[in-house]
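Welcome! Let us walk through this structure together, one region at a time.

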Amino acid sequence: IASCLVGSEMCIRDRLSPCLAKKIIQHGGDKLYSLYGSTEVGFSVLATPKNLKDDCSTIGKIIPGVSLKIIGENNQEVGQGNLGELAIKNKWSWKKKDYILTGDIGYKDKNGNLFIKGRKDKMIISNGINIYPNELESVLYLHGHIKDCSVIGVNDEVFGQRLVAFITLEKTRELEEHQLIKWLEDRVQKHQLPRKIHFIESIPLTEIGKVNLQKLNNLV
């Protein structure tokens, strides 16, 4: 779970979208912090205003007292720039002495900044290609008419799995599915294009602010 802190106001969502971070920085200045952690490991990674100003898609760097590894498919630690599952150890986690796998797939750049590609359990395989819904969400947030969005994977008879997007538009804005698909064609790979786009009034959330995937699946 990622939390964003602006002044004294805190909000919790699955993640802080790069587009939202950029808007907050543009209108509010250098006041935004992004906190990354989980129930098992607690608060472990922090993106400062400077981190987010340099790259609004980062979750930041580990805080003092935290050790972090990125574990690849062969269960070995991978190097800079390589994808793997984040494993975290700290004194305030429920295991304390052991590394805990977070379920988040990401990588570390040469400056030690961490980036999340998506959840391991949300990755889909479409026509033999690994796809993370978060990647499409990040692009969708760049569209000026889109207020909020969420992308899920669904079964597909031809490709095995495909993406489906749920979109909430800004007030007074109008957008057709074919128009958005056309816009996406120049910005994502063909295998990342959604099979279907649903326009809804709001993205359903659970009590703790995470996207309610069950309700979205019921709308497919």
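Two strands are said to pair if DSSP finds at least two bridges between them. With that in mind, look at strand β8 and strand β9 (residues 114-119): five bridges join them, and the two run antiparallel. One of these pairings is easy to find, since glycine 106 has isoleucine 116 in β9 as its bridge partner. The two strands form a hairpin with five residues between them, and in that hairpin glycine 112 takes a positive phi near 85°. Please keep in mind as you look around that this is a predicted model.

Now let us widen the view. Which strands make up the sheet that holds β8 and β9? It is an open sheet of four strands in the order β6-β7-β8-β9, and the pairing is antiparallel. At its edges you will find β6 (66-71) and β9, each of which pairs on one side only. From one strand to the next, the twist averages 45°. At the other end of the order, β6 and β7 run antiparallel and are joined by six bridges. There, isoleucine 70 stands opposite leucine 86 in β7. As a general point about strands, side chains in a regular strand alternate between the two faces of the sheet.

This part of the model also takes us to a pocket. Rolling a probe the size of a water molecule over the atoms shows where empty space is left. The second largest pocket has a volume of about 370 Å³. Fourteen residues line this pocket, and Ile71, Gly72, Glu73, Ile105 and Lys120 are the closest to its centre. Strands β7 (84-90) and β8 (100-108) each supply at least two residues of the lining. What kinds of residues make up the lining of the second largest pocket? They divide into seven nonpolar, four polar and three charged.

Next, step back along the chain to strand β3 (residues 32-38) and strand β4 (residues 42-47). These two pair in the antiparallel sense over five bridges, and a hairpin of three residues joins β3 to β4. Tyrosine 36 has valine 45 in β4 as its bridge partner. Valine 45 also has a bridge partner in β5, namely isoleucine 62. Strand β5 (residues 61-62) runs antiparallel to β4, and two bridges join them.

Let us move on to another sheet. This one is open, with three strands in the order β12-β13-β14 and mixed pairing. Strands β12 (146-156) and β14 (196-199) stand at the edges with a single partner strand each, so one side of each is left without a neighbour in the sheet. The twist here averages 20° from one strand to the next. Strand β13 (residues 160-169) pairs with β14 in the parallel sense over four bridges. In this pairing, isoleucine 167 stands opposite phenylalanine 199 in β14.

Two helices accompany these strands. Helix α3 lies across β12 and β13, running at about 150° to β12. Helix α4 packs on the sheet and touches β12, β13 and β14, and its direction makes about 125° with that of β14.

How do the two helices sit against each other? Two packed helices are described by the angle between their axes and the distance between the axes. Helix α3 (residues 133-140) and helix α4 (residues 177-185) pack at an angle of about 105°, with their axes 11 Å apart. Angles of 65 to 115 degrees count as roughly perpendicular, so α3 is roughly perpendicular to α4. Where they meet, α3 brings Leu136, Val139 and Leu140, while α4 brings Leu180, Trp183 and Leu184. The residues of this contact divide into six nonpolar, no polar and no charged.

Technical notes: Residues numbered from 1 in each chain as written. Predicted model: local features only at pLDDT ≥ 70, side-chain atom pairs only at ≥ 80, totals over all residues. Heavy atoms only, no water. Axes fitted to C-alpha atoms, helices over the stretch in contact; angles between N-to-C directions. Parallel < 35°, antiparallel > 145°, perpendicular 65-115°, else oblique. Contact = heavy atoms within 4.5 Å. Nonpolar A, V, L, I, M, F, W, Y, C, P; charged D, E, K, R; others polar. 1 Å grid on protein atoms, 1.4 Å probe; cavity = no way out; pocket = protein on both sides within 12 Å on 5 of 7 lines; lining within 4 Å. Points joined across faces, edges and corners; volume = space filled by probe spheres on them.
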